[in-house]
Number of protein chains: 4
Amino acid sequence: MSDTLLIRGGTVVNADRESRADVLCVGGLITAVAPDLEAPVGATVVDAGGQYVMPGGIDPHTHMQLPFMGTVTRDDFYSGTAAALAGGTTTIIDFVIPDPKQPLMDAYRTWRGWAEKAASDHAFHVAITWWDDSVHADMGTLVREEGVNSFKHFMAYKNAIMCDDETLVRSFRRALELGAMPTVHAENGELVFLLQQEVKARGVTGPEGHPLSRPPAVEAEAAQRAIAIADVLNVPIYVVHVSCAESAEAIARARARGQRVFGEVLAGHLLIDDSVYRHPDFAFAAAHVMSPPFREKTHQEALWRGLQAGHLHTTATDHCSFCAEQKAMGRLDFGKIPNGTGGVEERLTVLWDAGVNSGRLTPSEFVAITSANAARLFNLYPRKGLVAPGADADLVVWDPAAHHTISVASQHSRGDFNLFEGRPVVGRPSHTVSQGRVVCALGDLRAERGAGRYLKRPPFGPQ
Amino acid sequence: MSDTLLIRGGTVVNADRESRADVLCVGGLITAVAPDLEAPVGATVVDAGGQYVMPGGIDPHTHMQLPFMGTVTRDDFYSGTAAALAGGTTTIIDFVIPDPKQPLMDAYRTWRGWAEKAASDHAFHVAITWWDDSVHADMGTLVREEGVNSFKHFMAYKNAIMCDDETLVRSFRRALELGAMPTVHAENGELVFLLQQEVKARGVTGPEGHPLSRPPAVEAEAAQRAIAIADVLNVPIYVVHVSCAESAEAIARARARGQRVFGEVLAGHLLIDDSVYRHPDFAFAAAHVMSPPFREKTHQEALWRGLQAGHLHTTATDHCSFCAEQKAMGRLDFGKIPNGTGGVEERLTVLWDAGVNSGRLTPSEFVAITSANAARLFNLYPRKGLVAPGADADLVVWDPAAHHTISVASQHSRGDFNLFEGRPVVGRPSHTVSQGRVVCALGDLRAERGAGRYLKRPPFGPQ
Amino acid sequence: MSDTLLIRGGTVVNADRESRADVLCVGGLITAVAPDLEAPVGATVVDAGGQYVMPGGIDPHTHMQLPFMGTVTRDDFYSGTAAALAGGTTTIIDFVIPDPKQPLMDAYRTWRGWAEKAASDHAFHVAITWWDDSVHADMGTLVREEGVNSFKHFMAYKNAIMCDDETLVRSFRRALELGAMPTVHAENGELVFLLQQEVKARGVTGPEGHPLSRPPAVEAEAAQRAIAIADVLNVPIYVVHVSCAESAEAIARARARGQRVFGEVLAGHLLIDDSVYRHPDFAFAAAHVMSPPFREKTHQEALWRGLQAGHLHTTATDHCSFCAEQKAMGRLDFGKIPNGTGGVEERLTVLWDAGVNSGRLTPSEFVAITSANAARLFNLYPRKGLVAPGADADLVVWDPAAHHTISVASQHSRGDFNLFEGRPVVGRPSHTVSQGRVVCALGDLRAERGAGRYLKRPPFGPQ
Amino acid sequence: MSDTLLIRGGTVVNADRESRADVLCVGGLITAVAPDLEAPVGATVVDAGGQYVMPGGIDPHTHMQLPFMGTVTRDDFYSGTAAALAGGTTTIIDFVIPDPKQPLMDAYRTWRGWAEKAASDHAFHVAITWWDDSVHADMGTLVREEGVNSFKHFMAYKNAIMCDDETLVRSFRRALELGAMPTVHAENGELVFLLQQEVKARGVTGPEGHPLSRPPAVEAEAAQRAIAIADVLNVPIYVVHVSCAESAEAIARARARGQRVFGEVLAGHLLIDDSVYRHPDFAFAAAHVMSPPFREKTHQEALWRGLQAGHLHTTATDHCSFCAEQKAMGRLDFGKIPNGTGGVEERLTVLWDAGVNSGRLTPSEFVAITSANAARLFNLYPRKGLVAPGADADLVVWDPAAHHTISVASQHSRGDFNLFEGRPVVGRPSHTVSQGRVVCALGDLRAERGAGRYLKRPPFGPQ
Ligand SMILES: [Zn+2]
Ligand SMILES: [Zn+2]
Ligand SMILES: [Zn+2]
Ligand SMILES: [Zn+2]
Ligand SMILES: [Zn+2]
Ligand SMILES: [Zn+2]
Ligand SMILES: [Zn+2]
Ligand SMILES: [Zn+2]
């Protein structure tokens with residue numbers, strides 16, 4: 001029968017342990033995890049000998065099909081999720097970003113509509129970019145009826161989607177009431193605004209000005225502020241794309257007080273440093289423009305250590321695929337370069353290579369930071385993030401011995417650039433399974449437009 | 001059939017999640033965890049409605065039947081493990097403590113012999129109290145043949161079992177080679193020795209002198225030293241009975257560097273402060289003499305925060321039941337009061353009450369710090385510490401609504417004192433299951449002498 | 001001759017050392033500091049045998065004659081500075097606080113007018129409570145022409161004098177340009193606003209609600225934010241009235257990075273805890289209402305440690321003498337109790353008693369934190385804050401053996417309450433010398449209305 | 001008259017302030033510091049126009065004429081102090097290092113004899129390398145009769161002069177009793193011993209093995225241990241040659257608790273990194289072998305920050321001039337290379353250039369870390385370390401505009417290597433004054449053999 005899949009002979013890795021076991025999937029669910037399972041008649045059988053069988057990756061931070069000044073990012077929800085599946089990621093959590101004054105429910109419905117074409121399961125964080133009573137009410141509707149249990153706050157992007165402290169305080173307070181998780185993009189927007197002007201006033205208009213206008217202290221300030229507000233209001237908080245040692249330390253300090261603070265790291269920040277912005281080719285440098293920017297190399301070690309120590313919890317990509325033409329809008333002013341890079345397809349492979357092969361992380365820790373922790377924090381667990389009977393059959397069969405070199409030439413994303421171009425890596429998915437179906441096998445991508453489901457995520461705590 | 005048990009209607013709690021499920025145990029193992037299981041014919045059925053079903057507690061730090069100056073502690077391996085079972089703890093890890101110059105294997109066999117009467121499963125850490133080539137060799141034998149994967153080092157107790165830095169360095173180095181975990185009792189023995197003399201020279205000879213001779217800085221120094229040595233040698237390390245903020249911070253700092261450091265907290269240190277030593281009744285004060293001593297109240301919050309933040313990992317008791325007569329050996333000199341307190345039976349209930357009922361910990365976090373983390377760190381997982389098919393059927397059915405008041409009058413330990421005397425608590429085991437057998441039901445203890453098995457714990461890493 | 005004074009036989013204490021020496025003052029200046037000086041003919045001679053001779057105290061944070069809702073604080077510039085002189089403080093730095101939209105120069109001239117009656121030398125910080133081009137220009141005028149080298153920013157008091165981040169950033173930037181020191185009252189005004197509402201919504205309307213609405217995290221957040229902004233803009237910063245461990249730690253962390261951050265502590269925060277707000281007598285509790293509020297006792301130790309370690313630098317009082325009738329405006333709502341307490345007269349004696357007599361501070365450290373450091377940070381040094389030839393003859397002769405008990409009954413301030421009522425202290429001034437004149441001798445206060453001079457403070461750095 | 005000197009037209013810099021003033025010296029003492037002093041008849045006049053006049057440098061850590069395996073370092077007390085004077089340093093504090101079992105007084109007298117030829121004033125720390133009752137007694141004699149107020153403890157150099165914890169504890173305790181300052185060379189000797197063996201076992205025998213055998217954690221452990229012991233015993237402590245971020249942080253943490261801990265940094269550690277040990281020329285690499293070794297570049301910033309923040313206090317050189325021939329004793333084994341480098345002549349100029357010219361330090365801070373702080377900590381102040389009437393006339397006239405390039409070719413030390421070879425620096429002494437005599441003028445060194453005096457340093461606190 002076509003809805004039955006047996007993955008045989010691998011080592012099953014969960015966040016808490018590894019064991020030799022076969023995995024049986026029926027009707028989109030895992031039904032058995034045990035050694036030496038017999039293949040049901042008609043079952044598809046995947047040989048995982050010498051390989052790991054892990055929960056499919058969850059990327060908790062992507063922007064597919066993001067509208068920007070009359071254009072839109074290159075990857076829509078179909079191509080973006082297809083690329084994700086090719087790389088072993090079977091769930092994304094994207095962002096609904098209302099314009100200031102736009103009703104939240106309108107924006108939410110728009111994004112849901114765009115996402116109907118998704119090839120993988122997906123969910124949404126909703127951004128709070130302004131405040132009035134309707135926002136307060138819509139947050140309730142989103143949590144109670146739409147399965148949204150996390151809200152995003154941009155502390156940067158002054159005169160656009162920046163959230164002032166008053167809104168931050170009110171929204172965090174409301175999230176607590178609803179059992180939802182507030183999340184923040186932590187950069188002090190006033191400082192960025194001033195520094196951009198000053199850097200340009202000094203005659204620096206190219207991409208090399210981008211990191212100068214957003215130094216680590218700008219991020220750390222905002223992270224500390226958001227954490228302090230959450231502490232006072234007694235609500236948990238999740239800091240997206242922690243990029244520097246100072247922010248990681250702010251999180252560690254808060255956690256050491258017992259506060260429930262969680263941190264996300266992007267694959268890019270773990271592996272790429274700020275020298276890219278000083279590359280003479282504008283297109284190359286601009287392709288790396290994202291916020292927070294890549295940092296001096298020493299910060300990478302701090303981020304890895306945060307993952308090892310357990311004060312950083314998840315890894316993501318902030319996948320947002322602007323092409324060279326779009327990036328060129330900022331040719332004369334780095335402040336106008338659209339912010340965003342890719343990576344949804346490469347995240348697992350680069351983190352395995354730099355994390356597990358290097359000895360920094362065990363395979364179980366890899367599962368924790370690429371899948372299980374995100375599932376737990378955003379209440380998708382144990383449906384997602386776990387290889388166990390009853391869970392969704394979203395799996396990645398991982399070949400730890402496969403060598404390849406990353407290149408834009410072979411990527412599935414529609415972006416025209418690859419952050420990890422030319423990087424040789426060891427370890428990659430041999431098969432990706434979504435809803436019990438093999439959607440990628442030895443490089444043969446069989447993503448299906450619209451096959452992905454919207455995931456409702458219940459709020460936390462007693463309602 | 002007598003070897004089949006169905007626990008029906010409870011909420012199964014593991015370290016990573018909770019879910020409503022029944023638990024079926026056959027032949028001493030868990031065979032199914034799922035909702036609405038049918039009871040096999042002849043199965044014993046336990047009704048867990050309104051209750052939690054959790055992995056049995058693991059106490060990674062006990063001293064049953066400890067010899068001391070011609071006498072021995074009151075609880076032997078039978079009474080001590082029986083008391084443990086009464087309180088929901090189904091596994092203990094005790095200590096083999098060779099005298100200086102005594103061959104390790106001799107001491108190991110002696111302790112194994114004593115433990116044959118144990119009612120619960122058990123394992124041993126082995127202490128390294130001296131060094132020569134035979135110790136080096138015996139460590140290898142213990143790891144490879146006897147299933148010992150952890151070694152203990154006393155940094156205090158000068159002129160007795162104290163391990164100098166040279167031995168510490170050599171033993172840590174050897175543990176690394178063998179894939180075993182070094183553990184330390186962290187107190188600077190030289191400082192304790194000097195302070196004891198000085199405190200007595202000031203005329204303070206009663207139990208109130210005990211904490212004065214072992215202030216937090218004495219512990220923190222040793223913890224930092226052991227952690228630094230482990231860091232330099234690149235070996236993980238486990239610090240037993242972390243009792244003060246300063247030690248907890250030393251561990252947190254090391255973990256923030258990515259170092260693999262683990263910390264254990266005793267139930268007593270979480271709940272009792274040093275005012276007990278100033279009690280006018282010698283017997284009461286002396287009954288609390290253990291090392292490190294109970295601390296000023298502010299330290300308790302630091303320890304709870306360490307458990308919440310994840311830089312402290314396990315909870316234990318250091319159960320070591322000297323009676324009033326034995327304690328009286330130090331009537332004229334606090335330095336001669338035998339060190340030790342009880343608690344193996346009360347640990348789960350006091351931690352649930354002060355940890356979960358207070359909102360500090362979720363039930364899953366409770367399972368982590370009372371069972372799963374110890375299982376993982378000492379390589380008993382997933383056989384122990386997990387409710388899942390294939391695991392040992394060691395379980396506790398936990399009634400979160402049961403009220404009782406702790407008292408020596410109703411304890412099963414043979415000790416004559418209870419650390420938590422008079423404390424009202426909410427939440428306690430209704431049933432304890434060991435090897436698939438109900439060994440305690442609603443206060444009816446059915447512990448069986450000699451039923452406990454010695455657990456071999458394989459070393460870590462590739463052999 | 002009446003303008004010559006010889007202080008004979010004392011121990012001269014400066015911030016860097018102590019020595020036995022006489023001090024000769026002529027024409028308002030110190031002219032000699034050496035052993036065994038001969039008394040010029042006609043000189044007044046003060047016998048300082050067995051006493052210390054120290055630079056007169058500098059209180060860098062007072063609010064004399066502060067207007068408030070149609071009334072004004074009880075101490076005007078005459079009575080306030082007279083009280084200061086009685087207590088050994090010979091210089092105050094007060095605050096010009098423009099209303100939002102009020103031109104800075106107008107407010108400055110108003111305060112200068114009020115201060116003409118001052119009995120002691122004095123200077124002004126000017127608050128930046130709003131922003132436009134005129135503020136930018138007036139900051140320049142104040143620095144270049146009026147000898148103002150420090151500006152104050154209130155991060156609390158929403159809907160009144162609170163300074164938003166945009167103003168903060170612009171003003172700090174301007175201060176850097178001018179060589180002036182930015183200072184901040186660090187509390188997050190948005191959080192205070194929300195918490196006040198929530199505390200009152202819970203039915204807590206009395207003074208006990210005051211500390212609940214301004215917890216330490218609210219202060220620490222603002223301190224960290226101001227420090228981070230200063231760091232990014234590369235300007236030094238001075239945090240007024242640091243009241244809690246968390247703020248002190250934020251300063252210590254920044255200083256450990258090499259940042260030039262300075263912290264001020266109030267005498268009250270070092271000695272009084274938040275239990276006062278729970279006193280059943282409204283008048284008593286309300287008399288203690290100031291912001292930041294008094295804290296739990298453990299914070300006091302952190303503040304003392306900051307002074308000992310050198311990451312806190314000055315001590316002040318925030319002297320602001322509202323009387324019981326004025327405090328009663330908040331009888332039904334703690335948020336309406338005017339904020340302020342006294343202390344300008346008691347600061348030196350309580351700090352000597354609790355700081356030097358306790359062994360926490362040496363006499364030289366006492367001089368540093370009560371006088372020399374403030375003089376250095378606000379560029380009054382070595383004219384003020386030093387006993388050396390050429391300096392102003394502002395001195396305090398300190399009798400370390402004098403016992404007295406503080407009481408409102410014997411104070412010179414016109415306030416009707418004394419923060420330190422009933423406190424027995426050892427050590428107090430026997431004589432205060434201002435401009436070479438004995439203005440207080442053995443309790444006989446001879447303060448002269450209008451004798452005080454306005455002190456111009458040049459900016460820092462090359463102009 | 002030949003004993004009168006007027007330094008005219010300079011800017012006098014003390015640790016607390018700068019001012020334009022002339023300095024008059026008579027009979028070896030400073031007698032006046034004031035603007036526009038008249039030159040006494042016959043006075044030598046030095047024109048300091050455009051220059052700074054500062055207290056002569058104090059190097060609190062040198063080893064002149066150190067015996068080593070039958071040879072001795074190249075600089076004896078004459079040539080070493082002459083080189084110091086050439087560089088603006090007018091006082092050194094050297095070390096008496098008894099062999100284990102050698103009576104302290106014997107060693108002390110030997111060193112005093114060697115030092116009779118010194119050209120500059122000097123004092124001694126005495127090392128405690130072993131313990132018995134005679135050591136206890138001799139410490140008392142040294143403090144009470146010989147003006148020694150500091151004792152040194154080597155925590156490294158196992159099987160030689162290493163001091164075990166028992167001796168450390170006893171000696172610190174004794175120092176407290178005597179009012180003397182304990183100091184430590186902080187490296188864990190057991191770890192160094194093991195790592196040296198392991199590094200050599202891996203086949204690394206050249207100088208590149210030196211830093212591998214003494215990583216930062218080895219130093220930080222010992223620093224923390226010594227600080228903790230001092231904390232428990234309530235004695236201040238001075239950590240010599242702090243070389244890494246981790247040690248600096250240990251000091252900062254202790255100071256933040258209010259503990260009186262002081263740190264010294266060597267000029268070399270501030271400016272030189274560990275790449276020198278990997279230089280292919282053995283002689284070059286070996287010339288840099290000292291302990292603790294030079295570190296990765298990032299540590300330098302941490303040390304500068306410590307000086308800026310005030311948790312590191314003094315700068316020194318550990319001047320110990322082994323020549324190439326002596327260094328060659330370790331050609332086959334880096335562990336046998338005699339440890340030591342030079343620098344006593346270059347310290348001031350390299351620190352001015354890298355510290356003041358870079359904007360890290362003000363001139364006053366430069367005086368603090370090169371002279372005044374050492375004088376205060378070792379009780380030479382205000383006789384040394386201060387430009388004020390009554391102080392010794394030990395001065396350096398500093399030309400901030402002078403350019404030169406450092407080279408062994410032009411040094412006065414008899415060593416055959418210069419740590420700072422080829423470094424261009426701006427700022428150097430134009431004149432050095434010792435005991436009121438110009439001993440170096442525009443490069444013309446007039447050091448006089450035996451002119452230096454032994455300085456008795458009284459103990460701290462009431463005796
Ligand atoms: Zn973002
Ligand atoms: Zn984003
Ligand atoms: Zn122990
Ligand atoms: Zn124990
Ligand atoms: Zn204020
Ligand atoms: Zn104020
Ligand atoms: Zn040394
Ligand atoms: Zn040395």
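**Entry 1: how the copies are related**

I began with two of the chains and found that a turn of 180 degrees and a shift of 0.0 Å along the axis lay chain D on chain B, with an RMSD of 0.0 Å. I therefore noted the two copies as related as by a two-fold rotation axis. I kept in mind that this is a predicted model.

Next I looked up the interface residues. In chain D, 100% of them are also interface residues in chain B, so I recorded that the copies meet through the same surface.

I then asked which pairs of chains lack a contact. Chain B and chain C are joined by none, and I read 9 Å between their closest C-alpha atoms. Chain A and chain D likewise have no contact, their closest C-alpha atoms lying 9 Å apart.

**Entry 2: the zinc ions**

I turned to the zinc ion that is ligand 1 and asked which residues coordinate it. I found A:His185, through ND1, and A:His241, through NE2, at 2.1 Å. I located A:His185 in strand S14 (residues 181–185) of chain A, and A:His241 in the loop between strand S15 (237–239) and helix H8 (245–256) of that chain; the pair therefore ties together parts that are 56 residues apart in sequence. I noted both A:His185 and A:His241 as buried. I also looked up the separation between the zinc ion (ligand 1) and the zinc ion (ligand 2), which is 3.5 Å.

**Entry 3: salt bridges**

I recorded 116 salt bridges over all chains, and I followed several of them.

In chain B, I found a salt bridge between the side chains of B:Asp76 and B:Arg414, at 3.2 Å from N to O. This pair links distant parts of the chain, 338 residues apart. B:Asp76 sits in the loop between strand S10 (71–72) and helix H1 (77–86) of chain B, while B:Arg414 sits in the loop between strand S18 (395–405) and strand S19 (424–434). Are these partners buried or exposed? I noted B:Asp76 as buried, with a relative accessible area of 13%, and B:Arg414 as partly exposed, with 37%.

In chain D, I looked up the salt bridge of D:Asp231 with D:Arg257, whose closest N and O atoms are 3.5 Å apart. D:Asp231 belongs to helix H7 (residues 216–233) and D:Arg257 to the loop between helix H8 (245–256) and strand S16 (261–266), so the pair ties together parts that are 26 residues apart in sequence. I noted D:Asp231 as partly exposed at 28% relative accessibility, and D:Arg257 as partly exposed at 34%.

I also found D:Glu301 and D:Arg305 meeting in a salt bridge, 3.8 Å from N to O. Both lie in helix H11 (residues 297–309) of chain D, four residues apart, which is about one turn of the helix. D:Glu301 is partly exposed, with a relative accessible area of 30%, and D:Arg305 is partly exposed at 31%.

Finally, I recorded a network in chain A, in which salt bridges that share partners join A:Asp121, A:Arg383, A:Lys384, A:Asp392, A:Asp394 and A:Arg453.

**Entry 4: a helix of chain B**

I examined helix H4 (residues 165–178) of chain B and counted 14 residues. From its first C-alpha to its last, helix H4 reaches 20 Å, close to the 20 Å expected at 1.5 Å a residue. I looked up the buried residues of H4(B), among them B:Leu168, B:Val169, B:Phe172, B:Arg174 and B:Leu178. Just after H4(B), I noted that B:Gly179 takes a positive phi of about 75 degrees.

Key: Residues are numbered from 1 along each chain as its sequence is written. Chains are lettered from A and ligands numbered from 1 in the order in which they are written. This is a predicted model: local features need pLDDT of at least 70, side-chain atom pairs count only at pLDDT 80 or more; totals for chains, interfaces and linings use all residues. Side-chain values use heavy atoms; hydrogens and water are left out. Contact means heavy atoms within 4.5 Å. Donors are N, O and S atoms within 2.8 Å of the metal (3.2 Å for Na, K and Ca); water is not among the atoms, so sites may look incomplete. Helices (H or I, at least four residues) and strands (E, at least two) are DSSP runs, numbered from the N terminus. Buried means under 20% relative accessible area, exposed over 50%, partly exposed in between (1.4 Å probe, protein chains only). A salt bridge is a side-chain nitrogen of Lys or Arg within 4 Å of a carboxyl oxygen of Asp or Glu. The expected span of a helix is 1.5 Å times one less than its number of residues. Copies are superposed by least squares on the C-alpha atoms of residues with pLDDT of at least 70 in both.
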